[in-house]
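Open the model in your viewer, keep the sequence panel handy, and follow along one selection at a time. Each stop tells you what to pick and what to look for once it is on screen.

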Amino acid sequence: MNLPGGDRPGPAAGGLRGPGPVDAGHLIAEAPLRAAMRIVAAGFGSAPDEAAAVADNLVDANLTGHDSHGIGMLPRYVEAFLEGGLVPGARVRVLHDAGALLRLDGCAGFGQVIGREAISLGIERARRHGVAVVALGNSHHLGRIGAWAEQAADAGLVSLHFVNVIARPVVAPYGGARAGFGTNPFTAGVPLAGRPPLILDFATSTIAHGKTRVAYNKGEPVPPGCLIDDQGRPSTDPRWTNAEPWGALLAFGAHKGYGLAVLSELLGGALAAGLVGHREDGSRRRVLNGMLSVLLDPAALGGKAAFEREAEAFVASLRVMPPAPGTERVLLAGDPERAQRERRCAEGVPVDATTWRQILDAAAALGVDTASVERAAGLA
């Protein structure tokens, strides 16, 4: 899921670059990084299981290569908590139960907890009825939505997820010169017999907003065609989505991504959450998500064997396709994340110096001993 609203301007926010790298940053092994982030998350007053759920979900995002949804989110979470927009300890509340249809209130709780609870309820109902539709509103930032598709796929279920964002708009509509909505991700998960599942998870913007935060912190440009400045002109400078005056990201695929973004706003926002995000001015630091999830049990359709057979035949046909020049092989959605996880579990997670400093500052704002965080991470 994508982080709207940006970080507060850094030391060089008035220029055309972010704070920039102070040094080469850190390479932190998985276990120490989890331990360090659990210490930070405990500073919210969370019980150990909640602190672990939040920290581990964020570290898992880093391991898959999605630093935009990883531990760099913690400073924003701290700001939201300190102003009262994030409620540690909150759990899902059932507002309406119609068997295969559920309406849920996330009570502004940690999305890492609320998302798992919501999908767990959906899994139970899909197993009972063959299908479940879960309308979740008022959850704090749900993180990488692919995690919830993976949860459903692990249970043998197909899932679709439409998500909206209640925070300052950061994406311009097709043909527009300023932002009108969030990065509104769409995600799907399909279990494949004998293979890892297909996990299709993307922002409807050209890149996730959190990726511009990562680029801003590193002092790097974003690829051309991703964003516009405050005058609607093309730019590669990530400051336009991280410091005032605001520019905007563009939707991927011109009118196609724009159309899917609007669909996610209508389904994840207006329908599931009863709230859309275009009215937000960015003055509040909390990030609320609405999510409409559809979970389907292939066995309930009476054709699971045929589905598995045909899915395997199709996937196998793609795997043997000759690669185009400059590519190693044909991949499926989810393959890059699994490869990145294997690499980072072996080599460690890179964390740039600016992001690490922001995390320590956020920990200090919670009253957490930052020296203990550094020691747990193996940096002291």
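Start by selecting helix H3, residues 74-82, in this predicted model. Its buried residues pack against helix H1 (30-42), helix H2 (48-63), helix H4 (111-129), strand S4 (131-140) and helix H10 (353-365). Which residues of H3 are buried? Show the side chains of Leu-74, Pro-75, Arg-76, Tyr-77, Val-78 and Ala-80 to see them. Just beyond the helix, pick Gly-84: H3 is followed by this glycine, whose phi is positive, near 90 degrees.

**The nonpolar cores**

Keep Tyr-77 on screen and add Leu-33, Met-37, Phe-44, Ile-71, Trp-356 and Val-373. These seven have the most contacts inside the largest nonpolar core, a set of 31 residues. H1, H2, H3, strand S13 (349-351) and H10 each supply at least two residues of that core.

A second core, separate from the one above, has 20 residues. To find it, select Leu-104, Ile-114, Ala-147 and Trp-148, which are among its members.

Now go back to Ile-71 and display what surrounds it. What does Ile-71 contact once its neighbours within four places in sequence are left aside? The list runs through Leu-33, Met-37, Leu-58, Val-59 and Asn-62, then on to Val-351 and Ile-359.

**Aromatic pairs**

Next, turn to the rings. The structure holds 7 aromatic pairs. For one of them, select Phe-44 and Phe-110: their centres are 5.1 Å apart and their planes stand at 85 degrees, an edge-to-face arrangement. This pair links distant parts of the chain, 66 residues apart. Phe-44 is in the loop between H1 and H2, while Phe-110 is in the loop between strand S3 (101-105) and H4.

Are these two rings buried or exposed? Phe-44 counts as buried because its relative accessibility is 4%, and Phe-110 is buried as well, with a relative accessible area of 1%.

For another pair, select Phe-202 and Phe-252. The ring centres of Phe-202 and Phe-252 are 5.5 Å apart with the planes at 80 degrees, so this pair is edge-to-face. Phe-202 lies in strand S8 (residues 195-202) and Phe-252 in the loop between S11 and helix H7 (255-273), so the pair ties together parts that are 50 residues apart in sequence. Colour by accessibility here: Phe-202 counts as partly exposed at 24%, and Phe-252 counts as partly exposed at 28%.

Before leaving the rings, add Tyr-77 and Phe-81 to Phe-44 and Phe-110. Together, Phe-44, Tyr-77, Phe-81 and Phe-110 form one aromatic cluster.

**Charges over rings**

Now select Arg-168 and Trp-246. Arg-168 lies over the face of Trp-246, at 3.6 Å from the ring centre. Then move to Arg-239 and Trp-240, where the charged end of Arg-239 sits over the Trp-240 ring, 4.4 Å from its centre.

**Strand S5 and its partners**

Switch to a cartoon view and pick strand S5, residues 158-166. How many of its 9 residues are buried? The count is 8, so the strand is mostly covered, buried meaning under 20% relative accessible area. S5 pairs with strand S12 (residues 288-296) in the antiparallel sense over 9 bridges, and 4 bridges join S5 to strand S7 (residues 186-192), again antiparallel. Leu-160 is a handy marker: its bridge partner in S12 is Val-294, and its partner in S7 is Ala-188.

**The four-stranded sheet**

Next, highlight the open sheet of 4 strands, whose order is S6-S11-S9-S10, with mixed pairing. The edge strands are S6 (171-172) and S10 (234-235), each pairing on one side only. S6 runs parallel to strand S11 (residues 248-250), over 2 bridges. Click on Val-171 to see it standing opposite Leu-249 in S11.

**Last stop: Tyr-174**

Finish with Tyr-174, in the loop between S6 and S7. Is Tyr-174 buried or exposed? Tyr-174 is exposed, because its relative accessible area is 52% and the cut-off for exposed is over 50%. Leaving out residues up to four places away in sequence, Tyr-174 touches Ala-254, His-255 and Tyr-258. For a sense of distance, select Thr-355 too: Tyr-174 and Thr-355 are 181 residues apart in sequence and 32 Å apart in space, C-alpha to C-alpha.

Technical notes
Residues numbered from 1 in each chain as written. Predicted model: local features only at pLDDT ≥ 70, side-chain atom pairs only at ≥ 80, totals over all residues. Heavy atoms only, no water. Pairing = 2+ DSSP bridges. Buried < 20%, exposed > 50% of the residue type's maximum accessible area, 1.4 Å probe, protein only. Contact = heavy atoms within 4.5 Å. Core = buried A, V, L, I, M, F, W, Y, C linked by side-chain atoms within 4.5 Å. Phe/Tyr/Trp six-rings, centres within 6.5 Å; stacked < 30°, edge-to-face > 60°. Lys NZ or Arg CZ within 6 Å of the ring centre and 35° of its normal.
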